[in-house]
Amino acid sequence: MLKTIQEKIDQTEYWDLPVLDFQIKFFGDEVDLFLYHDEDTSWKLSFLTCHRVAYETDATWRGIAYVREMKKPQLGYYGQDISVFKSENIGFYKVYLDLSIMEMHIECKNISVDKISKKNLDLFWNYN
């Protein structure tokens, strides 16, 4: 199953694609990552039944205090590496994500990869 999940992620060809959003929901139980696909669609990677979600951002060195104040061209998040590993916890996966200026470690039970319409995305920079 691990190989199948990694293949699905790799089929998005996420390398150097812009990351559009990162959302943590339900007290950290679900994490969604949205990647650019084309003008009409995006990739949605969902990490479900999360045991651990840890991340580091560029907050210590970026020039703008709040990401929410950035315009789309100012964002510097791009897919560099998304690797899935077996966890020591039975039935869970460990995922490492390098998104240029953000690094994440997620431990979760399920991972899904879906192509979604951009009409279904509510991206914050559309309101700045």
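Start by selecting serine 100, in the loop between S5 and S6. The model is a predicted one. Phi of serine 100 is positive, at about 70°, although the residue is not a glycine. Most residues other than glycine have a negative phi. With a relative accessibility of 37%, serine 100 counts as partly exposed.

Go next to aspartate 16, which sits in the loop between H1 and S1. Aspartate 16 also has a positive phi without being a glycine, with a value near 65°. Its relative accessibility is 52%, so aspartate 16 counts as exposed.

**The sheet**

Now colour the strands. In what order do the six strands of the open sheet lie? Reading across, the order is S1-S2-S3-S6-S5-S4, and the pairing is antiparallel. Strand S1 (19-25) and strand S4 (81-86) are at the edges; each has a single partner strand, so one side of each has no neighbour in the sheet. From one strand to the next, the twist averages 30°.

Stay at the S4 edge and show strand S5, residues 93-98. S4 and S5 run antiparallel and are joined by six bridges. To see one facing pair, select aspartate 81 and aspartate 98: aspartate 81 stands opposite aspartate 98, which is in S5.

Then show helix H1, residues 2-10. Which strands does H1 lie across? They are S3 (41-56), S4, S5 and S6 (103-117). Relative to S4, the helix runs at about 170°.

**Around glutamate 107**

Select glutamate 107, in strand S6. Glutamate 107 is buried and has no salt bridge. The nearest side chain of opposite charge belongs to lysine 94, 5.0 Å away; a salt bridge would require a side-chain nitrogen of Lys or Arg within 4 Å of a carboxyl oxygen, so this pair does not qualify.

What does the side chain of glutamate 107 meet in polar contacts? One partner is the side chain of asparagine 89, at 2.6 Å. Another is the side chain of serine 87, at 2.3 Å. To display the wider surroundings, show the residues in contact with glutamate 107 beyond four places in sequence: Thr49, Cys50, His51, Arg52, Ser87, Asn89, Phe92, Tyr93 and Lys94.

Move to serine 87, in the loop between S4 and S5. Is serine 87 buried or exposed? Its relative accessibility is 7%, so serine 87 counts as buried. Besides the contact with glutamate 107, a polar atom of the serine 87 side chain lies 2.9 Å from the backbone nitrogen of asparagine 89. Asparagine 89 is thus a place to pause: its backbone nitrogen lies by the serine 87 side chain, and its own side chain is in polar contact with glutamate 107. With residues up to four places away in sequence set aside, serine 87 touches Phe92, Tyr93, Lys94 and Glu107.

**Salt bridges**

How many salt bridges does the model contain? The count is two.

For one of them, select glutamate 88 and lysine 94, whose closest N and O atoms are 2.9 Å apart. Glutamate 88 has a relative accessibility of 62% and therefore counts as exposed. Lysine 94 is partly exposed, with a relative accessible area of 29%. This is the lysine already met 5.0 Å from glutamate 107.

For another, select lysine 25 and aspartate 32, whose side chains form a salt bridge with an N to O distance of 2.5 Å. Lysine 25 counts as partly exposed, at 27% relative accessibility. Aspartate 32 counts as buried, at 1%.

**Last stop: glycine 28**

Finish at glycine 28, in the loop between S1 and strand S2 (30-36). Glycine 28 counts as buried because its relative accessibility is 17%, and the cut-off for buried is under 20%. Apart from neighbours within four places in sequence, glycine 28 is in contact with Cys50 and Val53. Draw a distance from the C-alpha atom of glycine 28 to that of threonine 49: the two residues are 21 apart along the chain, and the C-alpha atoms are separated by 8.4 Å. Thr49 and Cys50 were also listed among the contacts of glutamate 107.

Conventions. Residues numbered from 1 in each chain as written. Predicted model: local features only at pLDDT ≥ 70, side-chain atom pairs only at ≥ 80, totals over all residues. Heavy atoms only, no water. Pairing = 2+ DSSP bridges. Helix = DSSP H or I, 4+ residues; strand = E, 2+ residues; numbered from the N terminus. Axes fitted to C-alpha atoms, helices over the stretch in contact; angles between N-to-C directions. Contact = heavy atoms within 4.5 Å. Buried < 20%, exposed > 50% of the residue type's maximum accessible area, 1.4 Å probe, protein only. Lys, Arg positive; Asp, Glu negative; His and termini not counted. Polar contact = N/O pair within 3.5 Å; in protein donor to acceptor, adjacent residues only side chain to side chain.
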